[in-house]
Amino acid sequence: MSVLEYVANGLVFSSIIVLASIGLSLVYSIADFANFAHGDTMTVGAYGTLVTFGFVGGLGGTVLGLPYGFFVALVAGIVVAAVVAVVTQRLVYEPLDIGSIGLLITSIGVAFVYRALVRLGFGADPREYAVELQRPIEALLPYGIRMTVHDVAIVGSAALLVTGLHLLLQYTDLGRKMRAMADNPDLARVSGIRTGRIRIWTWLIGAGLAGAGGGFLGLYNNVGPRMGFDILLVVFAAVILGGIGSVYGAMLGGLLIGMIDQMTPILGDVGIPIGTEYSYAIAFVIMVAVLLVRPNGIAGEAGS
């Protein structure tokens with residue numbers, strides 16, 4: 001494989017990690033605990049997309065090799081993930097007065113419940129979206145890049161969602177209130193901001209982005225009960241590297257961790273005997289190295 005193809009693969013994988021990392025960082029900045037159920041929220045979104053696509057898969061024409069129905073199903077998956085997360089927040093997390101560590105441990109239990117329910121409903125076998133497989137884009141082959149239009153759809157859709165979130169945070173009243181609450185919840189409350197409503201919106205947006213990441217992860221690989229759990233530590237690494245609680249740091253951290261993971265095979269190409277099975281370990285080593293220099297992460301001091 002050429003270096004450009006490794007970069008292209010890294011860009012696709014990073015797009016998924018970025019969406020998941022932003023969602024995790026958003027929830028942390030408002031709820032003030034590390035939500036270990038976030039990976040399984042991605043799984044919920046992927047299965048929501050899968051089920052809906054079964055009903056609307058033949059809808060309309062195609063965009064980048066994907067039927068219109070896929071994008072409708074993806075929106076449904078986003079909604080399902082967001083609703084499940086908000087219901088969990090209202091019924092499980094909100095009534096508990098046990099501090100950040102207690103909520104973190106509770107979220108591990110919630111993750112197990114999500115995964116068990118998915119397995120009960122759909123079984124343990126991996127599934128695929130019923131979309132036509134695509135050949136690599138002919139125009140990119142001379143450059144050594146084997147990238148399909150589905151990969152382009154993942155990168156383009158993720159870029160649109162990230163841009164939309166940026167506009168929301170910077171140019172809307174809701175975004176300004178979310179940033180104010182993330183910076184200082186008590187000051188936001190005495191300033192008249194309805195913090196309960198902002199907290200619900202944050203859960204909706206954060207879990208919705210996780211649902212989108214899960215939908216694209218299912219398109220990139222397969223849909224399975226452990227799909228979100230298997231990349232959860234990578235997502236955490238991206239959030240920590242970027243700066244815990246920083247949305248823009250999570251974007252940068254997700255991009256870097258995803259690229260490092262997919263470019264690990266280069267080491268084998270230059271004679272360093274480290275296989276792709278160690279890609280997660282390498283990403284974590286680099287994360288630790290960066291944290292030794294910048295303990296708050298790349299964008300930790302700036303905040304979101």
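Reader: Why is Phe53 called buried?

Author: Happy to explain: buried means under 20% relative accessible area, with exposed over 50% and partly exposed in between (1.4 Å probe, protein chains only). Phe53 has a relative accessible area of 6%, so Phe53 counts as buried. Phe70, at 0%, is therefore buried as well. A word on the source: this is a predicted model, where local features need pLDDT of at least 70, side-chain atom pairs count only at pLDDT 80 or more, and totals for chains, interfaces and linings use all residues. Residues are numbered from 1 along each chain as its sequence is written, and side-chain values use heavy atoms, leaving out hydrogens and water.

Reader: What makes Phe53 and Phe70 an edge-to-face pair?

Author: A search of the whole structure finds 10 aromatic pairs. In one of them, Phe53 and Phe70 lie 5.9 Å centre to centre, with 80° between the planes. Rings of Phe, Tyr and Trp (its six-membered ring) pair if their centres lie within 6.5 Å; planes over 60 degrees apart are edge-to-face, under 30 stacked and the rest tilted, so this pair is edge-to-face.

Reader: And why is the pair of Tyr93 and Trp203 called stacked?

Author: Their centres are 5.6 Å apart and their planes differ by 20°, so under those cut-offs the pair is stacked. Both residues, Tyr93 and Trp203, are buried.

Reader: How do you know that Arg115 sits over the ring of Phe229?

Author: A charge sits over a ring if NZ of Lys or CZ of Arg is within 6 Å of the ring centre and within 35 degrees of the ring normal. Arg115 lies over the face of Phe229, at 4.2 Å from the ring centre.
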